Amino acid sequence: MEKDSKIYIAGHTGMVGSSIVRQLELEGYSNLVRRTSQELDLTSQQAVSAFFQEEKPEFVFLAAAKVGGIEANNTYRAQFLYENLMIQNNVIHQSYVHGVKKLMFLASSCIYPKLSPQPIKESYLLSGKLESTNEPYAIAKIAGVKLCENYNCQYGCNFISVMPTNLYGPNDNYDLETAHVLPALLRKFHEAKIQFDRTGQSEPVELWGTGAPLREFLHVDDLAKACFYLMKTYQGNTSVNIGTGQDISIKELAETIRKIVGFKGKLIWNEDKPDGTPRKLLDVSLVHSLGWKHQIELLEGIAEVYKNKFKNQDA
Ligand code: GFB
């Protein structure tokens, strides 16, 4: 990938895509192709075919996807399956048809079996049953990984895929119904703190599930560095896990965020909401051996995101 290579970032307005764009610009890449979803409907085969015909990108980062937290995955099951399948079928197939030199597909750690041994190695894919709350999303992402693998095998393409762990960072989704846990907790605690500071009391902050599940969190700017690095250096049919190799319980995460925000009121756990998979810690030895390691520690990352998103503002 040269500095003037034509690079299409599918999903450039999202948290992952926008971070990849920032990383590419930082590295001096300026020939970037972007389309908003209003400009290009990636679920339309015809539109995607016409776009590739017109732009002929040389490299593609496929970061466009319908994503969301546990509740969104569980509620919009058909859309998570259909839209993700369509987006990736169209982009991956047209990348093959138009001779893209290299494509990176962004998958997800939730595509591994629900009860995988921990930490999860890349080789555990398809070795057991999926977590039911995100089965549709996971099935779509598994299909994307397999498309890349099999286009490489049959057509000699150079399509790679990566498996990021749970992400957070700038441009995250803070809609409480559809957000992932970390941005949801930042917002819930921040709004409760404002109420507490104004009135000396607040409603308890309601969190979902039991708080027992363990999750690993990676700052999206670390992910973007990994994607850039692997796009330049890695070739192969093994998808690469990208994470920190460290996890914490949702209870610990809640306490950490509560402290960062400075909320002094009560928490309650709504156990009618699902816990999801009990643990999802990636084995990151492959990506470490390839020469990448995360740089932003969780405490520092959350504090920075909180400061930039909420501090000195009313939610
Ligand atoms: O981040 P999250 O929505 O998704 O939830 P997953 C993680 C854990 O946090 C679950 C708990 O055990 C939730 O019950 N939790 C506690 C909360 N309070 C809250 C809250 O206010 N909001 C949310 N959202 N959770 C997703 C998958 O799974 O992980 C996606 O559904 C995707 O497909 C993503 O792969 C990375 O980690 O359980």
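Quick definition before we start: helices (H or I, at least four residues) and strands (E, at least two) are DSSP runs, counted from the N terminus. Also, this is a predicted model.

Q: Where is Lys 56 found?
A: Lys 56 isn't a glycine, yet its phi has a positive value, near 45°. Look past α2 (45-55) and before β3 (59-62): Lys 56 sits in the loop between α2 and β3.

Q: Which loop holds Pro 119?
A: You can spot Pro 119 by the cis peptide bond that runs to it from Gln 118, with omega near -10°. The elements on either side are β4 (102-106) and α5 (135-155). So, with those neighbours, Pro 119 lies in the loop between β4 and α5.

Q: How is α6 placed relative to α10: roughly parallel or oblique?
A: Helix α6 (residues 181-199) packs with helix α10 (residues 298-309) at an angle of about 55°, and their axes are 11 Å apart. Angles from 35 to 65 degrees are neither roughly parallel nor roughly perpendicular. That makes α6, relative to α10, oblique.

Q: How many nonpolar residues are in the contact of α6 with α10?
A: On the α6 side you'll find Leu 182, Leu 186, His 190 and Lys 193, and they meet Leu 298, Ile 302, Val 305 and Tyr 306 of α10. One residue of this contact is polar and one is charged, while the nonpolar ones number six.

Q: Which hand does the crossing of α8 and α10 have, left or right?
A: Helix α8 (residues 250-261) and α10 have axes that come within 10 Å and cross at roughly 50°. That angle makes α8 oblique to α10. As for the hand, α8 passes α10 in a crossing that is right-handed.

Q: How many charged residues does the contact of α8 with α10 have?
A: From α8 come Leu 253, Thr 256, Ile 257, Ile 260 and Val 261, and from α10 come Leu 299, Ile 302, Ala 303 and Tyr 306. Eight of the contact residues are nonpolar and one is polar, and the number of charged ones is zero, in other words no charged residues.

Q: How far is a polar side-chain atom of Arg 215 from an oxygen atom of the ligand?
A: There are 23 residues around the ligand, and Arg 215 is one of those that come nearest, along with Ile 70, Lys 188, Pro 274 and Asp 275. For Asn 73, a side-chain N or O atom is 3.0 Å from a ligand oxygen, and for Asn 166 a polar side-chain atom lies 2.9 Å from one. For Arg 215, the distance is 2.7 Å.

Methods. Residues numbered from 1 in each chain as written. Predicted model: local features only at pLDDT ≥ 70, side-chain atom pairs only at ≥ 80, totals over all residues. Heavy atoms only, no water. Axes fitted to C-alpha atoms, helices over the stretch in contact; angles between N-to-C directions. Parallel < 35°, antiparallel > 145°, perpendicular 65-115°, else oblique. Contact = heavy atoms within 4.5 Å. Nonpolar A, V, L, I, M, F, W, Y, C, P; charged D, E, K, R; others polar. Near = heavy atom within 4 Å. Polar contact = N/O pair within 3.5 Å; in protein donor to acceptor, adjacent residues only side chain to side chain. Left-handed = near helix turned anticlockwise from the far one by under 90°.
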